[in-house]
Structure formats: C-alpha cells, structure tokens
Amino acid sequence: MQENEKGRRDFMGMALGACAAVGGVGALYAAKRSWDPLPSVAAAGFTEIDVSGAQPNVLNVEKWRGKPIFVLKKTEDMEKDERDVIVGKDRFLIAIGLCTHLGCIPAYKDGEHKFKCACHGGEFDASGHQIFGPPPSPLVIPPFKVNGTKLVLGEEGPEYKKMKDAGLIA
Ligand code: FES
C-alpha cells in the first residue's frame, strides 16, 4: 500500500515537472520571438546581429549569454556621445539591458528618448547614461566587434577596446 502511495507521488512529481518544463519552453519561445527582431546567429558565447535593417529610435532587444542586449539606432538629431557605436553611417547604443541599480530591465520611451526603470524610478538617456534616480552608473556596454553591417557580441573589437581604454566600460 505504502509503495503504491509513493509511486503515485513520484508520478505526480514527474507530471508536474513535465508541465513546468513545457511551460518553460513556451516562455523561452515567446521571449525569443519578442527579443530577437533583428537577424542574429548565436554560437559558442558569441551573438552576431545584422543591424542593417534597424529603424531609428526603435529599441531592439537581443540576447547574449542569457542577458538582454539593447540595440538602439540613434536618429540624426540625437546628441552624439562617446559611447556611440558606429556601424556604417549610423550611430547605435549597444548596452546590456539591465538597470545598474538592482538589475531590472528598463523600458524605452521613444517619445522621450530615454529608458525608465519601473522598479525604483531610475532613468537613463539614449546613450545609456544614468540621468535620474538610484542607478549609480551608466548601462554597461558588452564586448562587441563591428563587422560590416554586423555586430558581434562577445568579441572585443578595436572600437570596444578604445572605449575600454577611455574608461567608458563599467
Ligand atoms: S533596479 Fe532600476 S531603479 Fe532600481
């Protein structure tokens, strides 16, 4: 009798685990669809993103090593910044999309050209500088390399090294 009861509980546990796994896959799929609007290829710690189709002032949220990566093509009239990543004729903000206060994902307000963090009200401008609230530092720039119209995340290209030497990388 007891054996049966144990077997039943084991089965319930497995069934619940299976449900959780299926839910997880569904969630991952949904995240992949909304997080990956630009063509990208991920392999061995690198993510290559083709930014040639990026629209100005539209935030693309990519994924690199499990982290959200903000890719924002700047409009002509957005202020030039030393953190701008130049790809062809265009300027981009490339940053890890985690608030430097406690790690929430800030939302981009395209009408205001700024990121707002819902957790404690922190704000960042379109270059990733903290401009309001508790965030202690700018959004972090991930290692990147510019390769034609593509960005390779995870590789330290000359542009990234220059920023690093200038102390712009947290
Ligand atoms: S986590 Fe963003 S303001 Fe606190």
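## Two open sheets in a predicted chain

Four strands, β7, β8, β9 and β10, form in that order an open sheet with antiparallel pairing. Its edges are β7 (107–109) and β10 (130–132); each has a single partner strand, so one side of each is left without a neighbour in the sheet. From one strand to the next, the twist averages 35°. Strand β9 (residues 123–125) runs antiparallel to β10 and is joined to it by two bridges. Glu123 has Phe132 in β10 as its bridge partner.

The model is predicted, and the confidence attached to it varies along the chain. The average pLDDT of the protein chain is 84, and 78% of the residues score at least 70. Over residues 6–35, pLDDT stays under 50, and for this stretch the model has four contacts beyond four places in sequence. Where pLDDT is low, the predicted coordinates should not be read in detail.

**Overall composition**

The protein chain contains two helices and twelve strands. Along the sequence, the pattern is α-β-β-β-β-β-β-β-β-β-β-β-β-α. Of the 170 residues in the protein chain, 26% are buried. Among contacts between residues at least 6 apart in sequence, 43% join residues at least 24 apart.

**The sheet of β3, β4, β6 and β5**

Another open sheet has four strands in the order β3-β4-β6-β5, and its pairing is antiparallel. Here β3 and β5 stand at the edges with a single partner strand each, so one side of each has no neighbour in the sheet. Direction ignored, neighbouring strands of this sheet are turned against each other by 35° on average.

Within this sheet, β3 and β4 pair in the antiparallel sense over six bridges, and Glu62 stands opposite Ile69 in β4. The strands β5 and β6 also run antiparallel, joined by three bridges; Val87 stands opposite Asp90 in β6.

**The nonpolar core**

The largest nonpolar core has 29 residues, of which Val71, Leu72, Phe92, Ile94 and Leu151 touch the most other members. At least two residues of this core come from each of β3 (59–64), β4 (67–73), β5 (85–87), β6 (90–96), β11 (144–147) and β12 (150–153). The largest share, five residues, is supplied by β6.

Which residues is Ile94 in contact with, leaving aside its neighbours within four places in sequence? The partners of Ile94 are Ile69, Val71, Val85, Ile141, Pro142, Phe144 and Leu151.

**The hairpin of β11 and β12**

The strands β11 and β12 pair in the antiparallel sense over four bridges. Val146 has Leu151 in β12 as its bridge partner. The two strands form a hairpin with two residues between them, and Gly148 in the turn has a positive phi of about 65°. The faces of β11 are unlike in cover: Phe144 and Val146 make up the covered face, Lys145 and Asn147 the uncovered one.

**Loop residues**

Asn57 is found in the loop between β2 (46–50) and β3. Although Asn57 is not a glycine, its phi is positive, at about 60°. Arg65 lies in the loop between β3 and β4 and likewise takes a positive phi, of about 45°, without being a glycine. The hairpin of β3 and β4, to which Arg65 belongs, has two residues between the strands. Leu102 is located in the loop between β6 and β7. In space, Leu102 and Pro135 are 8.0 Å apart, C-alpha to C-alpha, while in sequence they are separated by 33 residues.

The exposure of these three loop residues is listed below.

| Residue | Other C-beta atoms within 10 Å | Class |
|---|---|---|
| Asn57 | 16 C-beta atoms | partly exposed |
| Arg65 | 13 C-beta atoms | partly exposed |
| Leu102 | 12 C-beta atoms | exposed |

Why does Leu102 count as exposed? A residue is exposed if 12 or fewer other C-beta atoms lie within 10 Å of its own, and Leu102 has 12 such neighbours. Arg65, with 13 C-beta neighbours inside 10 Å, therefore counts as partly exposed.

Terms used
Residues numbered from 1 in each chain as written. Predicted model: local features only at pLDDT ≥ 70, side-chain atom pairs only at ≥ 80, totals over all residues. Core = buried A, V, L, I, M, F, W, Y, C linked by C-beta atoms within 7 Å. Buried ≥ 20, exposed ≤ 12 C-beta atoms within 10 Å, placed from the backbone. Contact = placed C-beta atoms within 7 Å. pLDDT = per-residue confidence, 0-100. Pairing = 2+ DSSP bridges. Axes fitted to C-alpha atoms, helices over the stretch in contact; angles between N-to-C directions.
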